[in-house]
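Please read this report beside the sequence and the 3D view, following each named element as it comes up. The text begins with the meeting of two chains and then turns to the sheets inside one of them.

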Amino acid sequence: MRDLRLFFFALMMVPFFSLPAQAFKVGLVLDKGGKDDKSFNSSAYEGATKAQKELGIELKYVEATDSNALETLHRSFASKGFDLIIGIGFAQADAVKKIASQFPDRKFALVDGEVVAPNVRSLLFEEHEGSYLMGVVAAEKSKSKVGFIGGMDIPLIRRFQMGFEAGIKKEKPQMSLVSNFIGITGDAWNNTAKAKELALSQYGSGVDVIFVAAGASNAGVFDAAEETKKFAIGVDSNQNWIKPGFILTSMLKRVDVAVYSTIKEAKEGHFASGTVRYGFKDKGVDYAVDKYNDKILDLATRKKLDDLKSQIISGKIQVPDYYKKGKK
Amino acid sequence: MAQESLNLFSLLMSSLRVAVPLLFAAYGGLISERSGVIQIALEGFLLIGALTAAILAHYTGSPWLGVLAGACAGIFLAGVMGFFVLALKVDQIIAGTAINLLAFGTAPFVTKVLFDSTGSSPALPIESRFTVAPMFLAAALSVLMSYWFYQTRSGLVVQFAGEAPQALEVAGTSVLKTRWKSLLACGALAGIGGATLSTYLSSAYSPNMTGGRGFIALAALIFGRWKPLPTLLACFFFGFTDALQIRLQGVNSLIPVQFVQILPYLFTVIALAGFFGQSRAPKALGQTLNRG
C-alpha cells in the first residue's frame, strides 16, 4: 500500500520535473483555412515556426474548425499557462477580447482585427494600398476587363476590392471590373470548387486578369487561370510558384513578419499593446517578384509600381479605404 | 447581346459541371433506397471518395486510377454500413449518420499522416486532373441507369426488394443479397461522385469539400421521386441553382443569393407535399426483412 502511495506521489511530481527552465510558450490559433492554405494562415504559421527555430520558444498551434470553437481554444491556451496567444483572422476579435479580459496576466495578439485592451496587441495591414498596386498591374496587363474574387463578403475583403478598383481607375479609367464573392460564411475561405467556377465564369465573360483574396480557395482560381491560359494575382503569401507563368504577382501581406516580431518582442520582455499598422514603409505590405514571374512582370511595370509605392508612403497618393468610408 | 448569350452558355456549362457529383451520388442513393435501404450516408461516401481519389491521383498521376480508388473506398465504406444495417440490422438512419461522422473524422487523420497537413491533399497538376471526361461518364451512366432499372431482370429485382420483399423471397431471390449488392453499388457510385469533386471540379482534397452535396443529392433523389429520369432532371436543376447562386455571390442583384440557395430544399419540400404529382418512397424502405 505504501509503495503504491509513493508511486502516485512520484507520478504527481513528474510534471514539475519535466518542465526544464520554463520555455516561453506561444499558442497560435489559426483560422478556418488552416495552416496549409498557402496564403494567409500559412504565412502566420511560417512566422511562428521561424520564431520557434530561432528563438527557442515552445510553439503549439490549433486550427479552428468553426467559429464557435475560437473562444474555447483561446481559453485553453490561456489556462494552460501559455505566455503569448496569437489569434489569426478577423473572426477571432470577440474571442480575444473576452479571454484577454479574463486572463489579464497573459499576452494576446490579434491579426486583422482590433481589440483595445492593456494586454492585447492588434496587428493590422494596409491592404487597400497593396491592392491599389495590384489594380495598376492588372489594368496594365489586361486587354479587356479585370476581375476580383473575394473570399467571405466582409469589410476586410471589401477593403481589398476598393483599393484594387482605385488602382484600375488610376491606370485605365475606362476599364471595367467584375467582382464576385465566394460566400458569406467561413466556408468561403475553403471552397476551391466554387472559386474555380466563379473564375471560369469571369474568364468566360472576357476577363483576362483576376485578383483573388480568398485564402485556401485561391487554388481554384489558379486552376482556372491555368486551364483558360489567363492571368491571376495571388494574395497574402507569395503564391507565384503555385502556377508559374499564370500568376502575375502576389500582393504580400507579411503576417509572418508581424507574428515573428510580436513573438520576439514578447519573449524579450518588451511586448507593447496597442495597434500596429503594417504598410509599404516597413514592407509589411508589398508585391512579389521572383523567378516564377520574372518574365511576365516586366521591368517598366516594376519601376512604375515602386514609384507609386513611394508616392503612397509620402502621402502624395491617398488610396480610398473601405474602413474609413463615410467617416469623413 | 453576344455577351449575354455567352454568359448563358457558360452558366449552362457550369450547371452541368456542378451537377456531375450530384448525379453520381443521387443514382447511388436511388439504387440503395429502391432496394429498401435508407441512404443518408451519401455525404460520407462522397467525402471518402474525394479524399481517396485525390491521394491516388497525387501518387500515380492518373485521375482514372483516382476514380477507381474513389469507387473502391466508397464500396468499402458501404460495406461497413452494410455490416451494421444488413447483418446486424441496426437502425438505418443511425448507422447512416455514424458513417457520415466516421468519414468526417477519418479524413483529417489520413491527410495528417500522409501529408502532414491538417485537412488538405497536395494540389494536382493539370495532367492528373479531368477536363471533360466525367461529364461523358455521367451522361453514359444516365442512359445506362434508365435502361438497367426498367429493362433488365436485376433492375426489377432491386425494385421488388424495396417494394415487396416478401414476394421476392417467395420467388426464390434473396432480398438480403440484393440489398447488399445495391448498397455496395451505391457506395461505388457515390465514391466516383466524390472523386469527380477532387479531380474534376477542383484540384485537391480540401477539408469538408463535399459541403452538403450528399444531402442535396438525397434531395434530388426525393425531388425526382426515386426514378432515374426525374432524378437526372432534378440534379440538373439543382446544379443550375448552384451555378446561378455562385454567379450571384457578391453581386447586387434583384434576387438575393440566399433565396436562390434555398431553392433546392424548397422544391424538395414542395415535391414531397405532392405538388408535382404523387411522390412516394419505396414501400419497404428502412424495413428489415425477418424471415419466418
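## Where the two chains meet

Between chain A and chain B an area of about 2300 Å² is buried, and carbon and sulfur atoms give 42% of it; buried area here is the accessible area, found with a 1.4 Å probe, that two parts lose on being put together, summed over both. In chain A, the residues that lose the most area to chain B are Asn190(A), Lys194(A) and Glu197(A), which together account for 21% of what that side buries. The model is a predicted one, in which local features need pLDDT of at least 70 and side-chain atom pairs count only at pLDDT 80 or more, while totals for chains, interfaces and linings use all residues. Residues are numbered from 1 along each chain as its sequence is written, chains are lettered from A and ligands numbered from 1 in the order in which they are written, and side-chain values use heavy atoms, with hydrogens and water left out.

Counting contacts (heavy atoms within 4.5 Å), the interface takes 28 residues from chain A and 29 residues from chain B. Across this interface the rule finds 4 salt bridges, a salt bridge being a side-chain nitrogen of Lys or Arg within 4 Å of a carboxyl oxygen of Asp or Glu. Arg129(B) forms a salt bridge with Glu227(A), and their closest N and O atoms are 2.8 Å apart.

Which elements of chain A each supply at least two residues of the side that touches chain B? They are β2 (58-63), β7 (177-183), α7 (192-204) and α8 (218-228) of chain A, where helices (H or I, at least four residues) and strands (E, at least two) are DSSP runs, numbered from the N terminus. The largest share, 9 residues, comes from α7(A).

## Two sheets in chain A

Chain A has an open sheet of 6 strands with mixed pairing and an open sheet of 6 strands with parallel pairing; two strands pair if DSSP finds at least two bridges between them.

| Sheet of chain A, by strand order | Edge strands | Average turn between neighbouring strands |
|---|---|---|
| β7-β6-β8-β9-β10-β12 | β7 and β12 (285-287) | 15°, direction ignored |
| β2-β1-β3-β4-β5-β11 | β2 and β11 (274-278) | 15°, direction ignored |

In the mixed sheet, strand β10 (residues 247-253) of chain A pairs with β12(A) in the antiparallel sense over 3 bridges, and Met251(A) stands opposite Tyr287(A) in β12(A). Helix α6 (residues 155-171) of chain A lies across β6 (145-152), β7, β8 (207-213), β9 (231-236) and β10 of chain A, running at about 170° to β6(A); axes are lines fitted to C-alpha atoms, for helices over the stretch in contact, and angles run from 0 to 180 degrees between N-to-C directions. Helix α7(A) also packs on the sheet, touching β6, β7, β8 and β9 of chain A, and its direction makes about 165° with that of β7(A).

In the parallel sheet, strands β4 (residues 107-111) and β5 (residues 120-125) of chain A run parallel and are joined by 4 bridges, with Leu123(A) in β5(A) as the bridge partner of Val111(A). Helix α3 (residues 70-79) of chain A lies across β1 (25-30), β2, β3 (84-88) and β4 of chain A, at about 175° to β1(A).

## A link between distant parts of the sequence

The side chains of Arg277(A) and Glu114(A) meet in a salt bridge (3.9 Å, N to O). Arg277(A) lies in strand β11 of chain A and Glu114(A) in the loop between β4 and β5 of chain A, so the pair ties together parts that are 163 residues apart in sequence.
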